[in-house]
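Subject: The structure I promised you

Hi,

Here is the structure to look through. Open it first, then read on for what turned up in it.

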Amino acid sequence: MSIQFLFLLSRQGKVRLSKWYETISQKEKGKITRELSTLILSRRAKMCNVLEYKDMKIVYRRYASLFFIIGIESGDNELLALEIIHRFVEQMDKLYGNVCELDIIFGFDKAYHILDELLIDGFVQESSKKEVLRRVAQQDELENMDEFDHILA
Amino acid sequence: MKGLTQFIVDLRNSKDLQEENKRINLEINNIQTKFSSNLNGYQKKKYVCKLIYIYLLGYIDAIDFGLKETFELLNSSAYSEKQLGYVALSVLVNNDKAKQTTKDYLNSSLSLVHQNLIKDLQSNNEDFNCLALQFIGSNFNISESSTVRVEESDEDSAKWLELIDIVYSFVTSPIQKPLTKKKASLALYSLLKLYPQVLLSNSNWIPRLLTLVDDKDYGVAISCIPLLHYIVRLKPQFVKSIIPAISLRLYSIVIENKCPEEYYYYKSPVPWLVVKLLQLIEHFFLLTDANDFSVLSIATLDEQTLNNFRSVVAKSIQNASHPVKGLPNRNSQSSILFQAVSLAVFLDASADAINGAINALMMLLDSNETNTRYLALDALIKLTARSNTNCLTMTDRFDVNLPKIFHLLHDKDISVRRKSLDLLYTICNPSSYNTIISKLLDYFPFSDFTLKSELGIKIAILAERFATDFTWYVTTMLKLLSIGGGSNSNGISYISNEVWERIVQIVVNNESLQKMTCKLVINLLKKPFSASTHASTQPPPTGVSENLIKVAAFVLGEFGEQVSSTEGFHISLQFRLLYDAYFKVSLTTRAMLLTTFLKFLVKFPDEDFVPDIVDLYEIEALSIDLEIQTRSHEYLGLVTSQSNFKLANSVVKPLPAFVQKESHLVNRIGSVSQIVGVNRSKSLLVLAKNINSTSKGESTTRSNTLDDDDEEDDSNPFGDEKKAPTTLSPNWYSGYHRMLHYDAGIFYEDQLIKITYRVLKEAFNIVLKFTIINNSAKTTGTDISGFTVLDLESLTGNQDPNYVLNIKQLPDPTIHDKSTMEIGIKVRNVIENHESPILSLSFMCGGSFNSLNLKFPVLLLKTLSSTVLTGIDEFNKRWQQIGDLLGVKEGECSVKVSITHRYNSSNISRLLTRLGFAVVHSTTDDDVNEILVFGAGILHTQKTNYGVLTTIRSVDQIGKEFEIKVRCSGGGVADVICSTLKEIFEGKF
C-alpha cells in the first residue's frame, strides 16, 4: 500500500527532485528514471494520468513545466496518489509563495522538508495542510534561532 | 547559504560536462582543505551541503570523505546542524559503493549511528526524537517482499531490540504528542519488518498497538495503518478484534461526518484515512492463514459491524453520484467510490447493491476525464471478476452496457483501450461470448500493434472456454488466424505460436472435429476471410496468414485423406493449395510443409503430384537453410530407398493425443489473471481422449490432496506456532463458579470495571448477556475507551466442534456508563468439562492499558431443562431402564463430595432446581439421619437429547459429605455431568 518513489521531472527531462522509498541500486534507479522520462514526456496532454509500468502503477501530473511522478503498488488507489501530488504542490505553493521550477532547484531543502512531513517510508503520515506547514515553519524557526545564536557567539 | 547558492548557479551555468567537472573538482579540493582546518557549525553545514549536492548530481565516486564532519554535525546540540547531519548520513552512507548484502549494509549502518539514535531518542527534546524516528523510518526500511530478517542469533540483534523497545514505548505512551507518535508508528513498522520475531514473541504488544486505530488524532490514525496491516498479516487471529474499531471509525467519518475542519480535503472528510481503512478491510478479507482458509468472512462479523460497513459503502457510492465542482473534489470522491466498490463484493452485498455500484461506474465511463474512465473500467473489472455476477451482461442491461464498453475500445488513450479489453475478457460469459468474441474479431484489424498479440490470446482463451459448439470454435479460431496474419517490423507474428498450437491440440484430441476442420481450412485457403468483411474501412493490408498455413500444413497432413473423397476437397487440390503457398511463407513454415508433403506422398503414392514433391525435395536439399536442407535430404532418402515406403510409413504414424490439461495461453493474459484468480470455470472443450486416460491419475492425486487437507485440519489452524494456553486473569474463578450455579449475577469486578451476566436458555441455544459497567466513572469520572473483544477462544476442537460461539452484539468501544455484549452459544454435542471458552478483553482507562482473560462455563449441564416425572416409582423405573440399557459402567457415575459448610435437604433441592432439574423426591429437613434428593432432567444438544437422573445422598450425619450418583441415557455422559456437579458443590476445579 505504499509509494515506492517520487520524482520531479522538467519538460527537458531533467530530474529536479527525487525520493526513493525502496532500497534499490543507483543503476536501477537510473534505469527507471530514464524509462519513465521517455514514456511520460511523450504522452499527450489529454491522456490518462495512470500508467502501468512493470508490476507497479505510475501516477503523474504536470504542473506548468514540471512533471510530478509517483510510483505506487498496483493494488493502490490511483486517484488518491494523484491528490497526494496535488497536496504536495499546494503546500509548496504556500511555502514558497507561487512556486516555480527555480524555487525547487534553489530551495530543494524546503521541498524535501515538506515531503518528509507529508510522507514517511512511502506512507502518508499527515494529510492536514496546516499541520505540515506548521511543522515546516516551526523547524525553519529553530534553524533561524540557531543561526542567531551563532552570530551572537 | 550564499556559497552554496553560488556553487549551484556556477554549475547551472557551465556550458559543457568538462566545465562542470572542473568546477566540481575545484570545489572538492576546496572542501577537503577546509575540513582539515577548524570550522564553526555554520561552515561545516555549508560544506556538507555542497557535498550532498555534488553527490546528488551523480558524482558518487568523487566523495569518500566527510563522514567525520557529518558525525560532528549529528552530535551538535543545534537543531539545524543535527538535522543536516541526519540528512547527510542518509545520503552519503549507502549501499552502492560497498558491494555488501542488504543485511550487512543495514547492520553496518546501524552500528554507525546506533549510539546517536539512542541518545536522540532518549533526549527530552521532542524535535530530536522526531529526527531520530524519521531517520529510522526512512533508512532502515526494506520492501515487504524482501527476505532480509534480523534473527535473535545475530550479533547485532540486541541493538535492534533496544531500538524497537524505545520506539514501541513512543508509540504506546499516553503522554507523547501526536506528532511523535505518527513518526514512531511508521518507524516501528520499518523495524518490525526487519525483525518480526520481536512481535511474535511479545504478543502482549499487539492489543496495545491495535488501539492506535482509535486514536483521536487523525494523523496518528492514518500513519498507524501500515503497522496494523503488518501486524494482522503476521498474526491473523487478531483480525477479529480490530475490525469493530475500524467499522466505527469509518462510520463516524462517512456517516456522521465527524471530522475536524483541518482534515477536510476540499469537501471530503479525510479521504486518506477513509480510503486506507477501506483498503485495510479489503486486505483482511483476502488474508488467508497457513491452510489457505480465509481468516475473515462475513459470517464471523457481528451484525452491527457488518451494517456499519454496508452503510459506509452505500453512502460512499451514493456520494459519488452527486456531481461536484472542482477536480480535487471529484478525484477524492471517486477515489473513495472505487475503494468502496472494491470492498462491496466482500460484504455479500445484495444484487441490488452491486447493480447500484455498477450503474454508478457505468455512468463514469462517459466522463470527459481520461482518468475517470480508466479507473472506472478498472473498478468494473475487479467487481465483476470477484463477485462472479453477471450483472453487466444480464439481458436487460446487455444492450446498454456492452456497446459502451465496445465504444471504449476506440478510446483515444491506449491505457483505456487496454483496460476495456480486459473488462470484456472478464465479463464474458456463456450468454454473451458470441457477441463479445465476434466484436473483438472485428476490432482486431484496427487495434494497436502492441495490443494485437494480447487481443489474439484473449480471443483464443475465451473461445476455448465458452465454446459449446465445435464448428463454432474451429471457425472462430481459424478466422482469428486468418485475419491476424500480419507481423510487426521484427517479423514476429501478432498471434503467438501458442494459439495455433492449441487449435492443433484440440483437433488432434477430438476425432469428430478433424473432418470438418480440414474442410474449413481448405475453404479458407481458397478464399481468405480478411478484408472482405470490412469493405467500408480498409484495414491495414495483411500478408499471407502464416499461422493459417501452419495449421493447414499440420491438419491436412494428418487428416487430409479423410475428406479427399468429397467433391472439391480432393487431395491433389489440397496439395496444390499448400504448394502454391510454399514460396510465400517463412522458413519454419516451409519446413513444416515439407513434412506435410511427405505424409501426402506416403499416403497417396499414386497421385500425380508425387513427381512435384520429389522435385521439390531435390531442389531444397541444396537449400542454404540447415533445417530445410536436412529435412529435404532425409525425406528424399526415405521415399526413394524403398518402393513400399516401409520405413517412411513408420515415420509418419498418426499423432497420439496430447496430454495437457490447461492451456499455456492462460499464462500470458497478463494483469487480469491476478484479479480473476483460478476460480473461473475451466474449458468446456475438454481434450476428450486425454481426460479418459488421465482421469484415473487425477482422481488419485485429488484424493491425496484431500487427505493432506484433513491432516492439517487436525493441527492448529494458525499453523506454525503452537498456541500457548492463555493465562487467565486473577480472580476469574469466582465469576466462573457463580455462573455455574446461577443464571444471573456478577461475572467479574475490579476498581475499573464490573461485568454482570444473564443466561437465557432455549433448548440447545444459550444466550449470554454481559453488561459492562464502568466502575471508574463513579470514582474518578473517566470513560473507558478502546474496549475491544480481542478473542473468544473456544477450547473445543475445530473439526466438528462440540459447541459454536458467535458474538451477537459487541459492546461500544467507549463506555461512559455501561454497555452490553451478547454471545450466542449453540451446543452441538456432548461438551467435555475442560472445553469452556476464554473471553479476552482489553480496554484503556485514564491512560492505563488493561486486559482481561476470563473463562466462562459452557457446559453440557447448562442446557438442562426439567422433566416432570409422576413420582418416585417412575424415577426408579427409568433408573433401572438406563442401567439395563447401558450397564452401570457406561450409564452411571458416582462421586463423593465433601463441602465446607452444611447442607440440608431443601438447600440441595433448591440447588438442583436452579440448575434445571426437576426434584422428584426429597427428604424433609427434619430428617437429620439421612438426606436424599432425586432429580430428573433433559439435556439438549443439537444432535440429540439425553435423559439424566441424579440422586444425592448424605453419607455423614452433619450434611457435609454426600454421594452423587448420575445415570444418563447417553453413554459416558454421566461422567461429564457428575464432575460438573462435583465442581458446583465443592467450588474447586
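Start with A:Asn98, which sits in the loop between H2 and helix H3 (101-106) of chain A. Before going further, keep in mind that this is a predicted model. Phi of A:Asn98 is near 55°, so to speak on the positive side, in a residue other than glycine. Most residues other than glycine have a negative phi. Is A:Asn98 buried or exposed? A:Asn98 has 8 other C-beta atoms within 10 Å, and because a residue with 12 or fewer counts as exposed, exposed is the answer.

Another residue in chain A does something you can check in the same way. A:Lys54, not a glycine either, has a positive phi of about 50°. You'll find A:Lys54 in the loop between S3 and strand S4 (56-63) of chain A. With 10 C-beta neighbours inside 10 Å, A:Lys54 counts as exposed.

Now go back to H2(A), the helix that A:Asn98 follows. How far apart should the ends of H2(A) be, at 1.5 Å a residue? Its 20 residues should span 28 Å, and the end C-alpha atoms are indeed 28 Å apart, so the two values agree. Plenty of H2(A) is buried, including A:Leu79, A:Leu82, A:Ile85, A:Phe88 and A:Met92. The buried residues of H2(A) also include some charged ones, among them A:Glu78, A:Glu83 and A:Arg87.

Zooming out to chain A as a whole, you can count five helices and seven strands. Along the sequence they come in the pattern β-β-α-β-β-β-α-α-α-β-β-α. Of the 153 residues in chain A, 37% are buried. Looking at contacts in chain A with a separation of 6 or more, 46% are between residues 24 or more positions apart.

Next, the place where the chains meet. Chain A puts 37 residues into the contact and chain B puts in 51 residues. On the side of chain A that touches chain B, at least two residues each come from strand S3 (50-53), helix H2 (78-97), strand S7 (123-124) and helix H5 (129-152). Which of these gives the largest share? That is H5(A), with seven residues. By type, this side of chain A divides into 13 nonpolar, 11 polar and 13 charged residues.

Then there are the nonpolar cores. The largest has 221 residues, and B:Val167, B:Leu191, B:Leu228 and B:Val521 have the most contacts inside it. Helix H12 (residues 218-234) of chain B provides the largest share of this core, 10 residues. If you click on B:Val167 and ignore its neighbours within four places in sequence, you'll see contacts with B:Leu133, B:Ile136, B:Ala184, B:Ala187, B:Leu188 and B:Leu191. Another core, of 66 residues, lies apart from the largest one, and B:Leu768, B:Leu841, B:Phe917 and B:Leu949 are among its members.

Last stop: a sheet in chain B. It is an open sheet of three strands in the order S6-S9-S10, with antiparallel pairing. Strand S6 (784-793) and strand S10 (848-855) are the edge strands, as each pairs on one side only. On average, neighbouring strands of this sheet are turned by 15° against each other, direction ignored. How many bridges join S6(B) to strand S9 (residues 838-845) of chain B? Seven, and the two strands run antiparallel. To see the pairing for yourself, look for B:Glu793, which stands opposite B:Ile838 in S9(B).

Cheers

Technical notes. Residues numbered from 1 in each chain as written. Chains lettered and ligands numbered in written order. Predicted model: local features only at pLDDT ≥ 70, side-chain atom pairs only at ≥ 80, totals over all residues. Contact = placed C-beta atoms within 7 Å. Helix = DSSP H or I, 4+ residues; strand = E, 2+ residues; numbered from the N terminus. Buried ≥ 20, exposed ≤ 12 C-beta atoms within 10 Å, placed from the backbone. Core = buried A, V, L, I, M, F, W, Y, C linked by C-beta atoms within 7 Å. Expected span 1.5 Å × (residues − 1). Pairing = 2+ DSSP bridges. Axes fitted to C-alpha atoms, helices over the stretch in contact; angles between N-to-C directions.
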